[in-house]
Amino acid sequence: MTASPVTVEIVKSAPRGAEAVGVPVASSGPVPRQLGLSRAALSANGFDGKPGQVLVLPSATGPTLIAIGIGDPSELTANGLRSAAASLVRAAGKRSTIATSLADLEGVDSKAAGQAVVEGALLAAYRYIGLKTDTSGASTLSRISLVVGDKRTPGVRAGVDRGTVTARAVHLARDLANTPPAYLTARKMAERAVAVAAETGLGVEVFDKDKLAAMGCGGMIGVNQGSTEPPRMVKLTYTPRNPTGHLVLVGKGVMYDSGGISLKPSDASHAKMKMDMSGAAAVLATMSTLKALKCRAQVTGYLMCTDNMPSGSALKLGDVLTFRNGKTAEIHNTDAEGRLVLADGLSLAVEDGADAIVDIATLTGAAIAALGPKFAAVLGNDQAWVDTVRGASARVDESMWQLPLAKEYRKLLDSQVADMKNVGGPYGGAITAALFLNEFVGSTRWAHLDIAGPMDSDADDGWLSRGATGYGTRTLIELATAFVR
Ligand code: BES
Ligand code: MN
Ligand code: ZN
């Protein structure tokens with residue numbers, strides 16, 4: 001589905017054959033001689049060396065030179081390098097071999113620089129052309145040569161290795177979320193997870209409908225009730241020796257969200273609901289990296305997979321579901337289904353004795369209304385743990401913003417007949433959704449990521465490519481590989 005793998009190499013100088021050479025240019029100070037242009041000449045072409053700017057300089061005799069703005073070198077960060085590498089790859093267009101010294105810039109730690117440059121390049125090169133007969137839109141990038149001096153080479157190499165693993169994981173998450181719903185049912189997702197587990201050294205257990213019913217996972221059974229496709233819950237386990245702690249990740253895997261009998265209108269947003277399994281995709285993608293990255297924490301991942309369909313057997317308003325932890329909820333809107341499947345997964349995470357839990361879910365339109373399409377909402381029951389999650393997200397440039405887990409709104413979920421309703425009314429929907437989830441985590445440290453906004457991108461934009469973004473994958477990898485109880 002994605003293009004053939006890109007070779008990343010570390011070299012002492014740009015190879016002769018490179019079709020494009022990316023030259024970093026700061027916003028002040030001398031212009032690299034290689035460009036053969038003065039600052040005035042660059043400025044006359046609208047290029048001032050600002051972050052995000054690129055200027056393509058074709059040559060009749062040698063490689064195309066691409067000036068890449070990096071701004072003030074003293075303010076350069078790994079996140080800036082990731083964006084700069086993405087801009088370079090986009091500016092290089094159909095050129096298939098690119099050389100650049102971006103990873104050699106002083107000021108950013110060499111490992112972080114190597115990782116960021118590889119991530120930016122590989123993520124910008126991502127295209128989903130899965131079902132096109134015309135494959136001319138595929139990425140043509142085949143080789144990236146990082147020009148690095150001796151001193152920084154070992155660090156950059158380590159970063160390149162890590163960045164290759166993280167970028168591949170994001171490609172997996174994007175591929176899964178971009179796949180049409182008929183091609184990726186809950187059963188197919190479980191098969192994929194089993195294959196990924198075998199390839200990446202994970203334990204895996206698949207729970208079918210009977211098993212889920214026997215376990216009392218009433219949320220999974222209830223949401224699946226209207227569907228002809230059976231549900232699957234996948235439990236993935238990574239168990240190193242002498243773990244530093246136990247982290248449990250729970251992903252919403254609604255393979256297609258029609259809304260159920262609270263049917264969604266047939267608008268553009270409904271057409272995105274094949275991506276309602278983006279949380280589960282991020283969890284699977286994260287799990288796939290842990291062995292390669294020598295993660296020292298024990299990590300368990302739950303993929304809560306089912307679609308949400310209307311039919312004669314579908315869940316009805318007024319029905320009451322009983323979840324794995326014994327709590328009950330009265331259904332007031334079948335389109336608030338994500339919290340129902342997460343409830344069972346969170347209950348199991350607590351039973352597993354997690355030291356900390358993160359759930360990740362395309363949960364509410366309200367999170368998009370509050371924060372727009374670029375930011376995830378993060379809420380949780382422990383400020384230090386929320387801050388740890390925010391720290392990981394900041395390091396990988398996946399934006400998130402905290403909303404309050406406002407207990408004063410809990411009464412909006414009160415039900416006459418059950419422990420709670422599954423919706424809390426028209427306002428503060430991202431908060432009331434999180435308050436619902438809070439009923440299933442007990443006193444375990446927990447953070448909830450509502451990724452409804454950043455699950456997809458309308459346009460190619462730096463290291464985001466149009467379509468599914470794989471958002472959350474790199475944050476969760478960062479979190480897991482740094483996790484200490
Ligand atoms: N999957 C949707 C949320 C969503 C909307 C994700 C748009 C990505 C883009 C979720 O299951 C849903 O339908 N939520 C409802 C909840 C409401 C009924 C309380 C919503 O946000 O409208
Ligand atoms: Mn829904
Ligand atoms: Zn949904």
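Helices (H or I, at least four residues) and strands (E, at least two) are taken here as DSSP runs, numbered from the N terminus. The model is a predicted one, so local features need pLDDT of at least 70 and side-chain atom pairs count only at pLDDT 80 or more, while totals for chains, interfaces and linings use all residues. Residues are numbered from 1 along each chain as its sequence is written, chains are lettered from A and ligands numbered from 1 in the order in which they are written, and side-chain values use heavy atoms, with hydrogens and water left out.

Serine 96 sits in the loop that links α2 (78-92) to β5 (97-100). With a relative accessibility of 18%, serine 96 counts as buried (buried is under 20% relative accessible area, exposed over 50%, partly exposed in between, with a 1.4 Å probe and protein chains only). Its side chain makes a polar contact with the side chain of glutamate 19, at 2.8 Å; such a contact is a pair of N or O atoms within 3.5 Å, where within protein one must be able to donate a hydrogen and the other to accept it, and residues adjacent in sequence count only if both atoms are side-chain atoms. Once neighbours within four places in sequence are set aside, serine 96 touches Glu19, Thr140, Leu141, Ser142 and Arg143, contact being heavy atoms within 4.5 Å.

Now for the metal site. The manganese ion (ligand 2) has protein donors at 2.0 to 2.2 Å, namely Asp257 (OD), Asp335 (O), Asp335 (OD) and Glu337 (OE). Donors are N, O and S atoms within 2.8 Å of the metal (3.2 Å for Na, K and Ca), and as water is not among the atoms, sites may look incomplete. Along the sequence, the spacing of these donor residues reads D-x77-D-x1-E. Aspartate 257 also bridges to the zinc ion (ligand 3), and the two ions are 3.2 Å apart. As for the other two donor residues, aspartate 335 is partly exposed at 23% relative accessible area, whereas glutamate 337 is buried at 1%.

On the larger scale, the chain splits into domain 1 (7-174) and domain 2 (179-481), with bounds from an automatic or database domain assignment. Their contact draws on 21 residues from domain 1 and 31 residues from domain 2. The centres, taken over C-alpha atoms, are 35 Å apart.

Helix α8 (residues 278-287) has 10 of its 10 residues buried, so it is largely enclosed by the rest of the structure. Among them are Val283, Leu284 and Met287.
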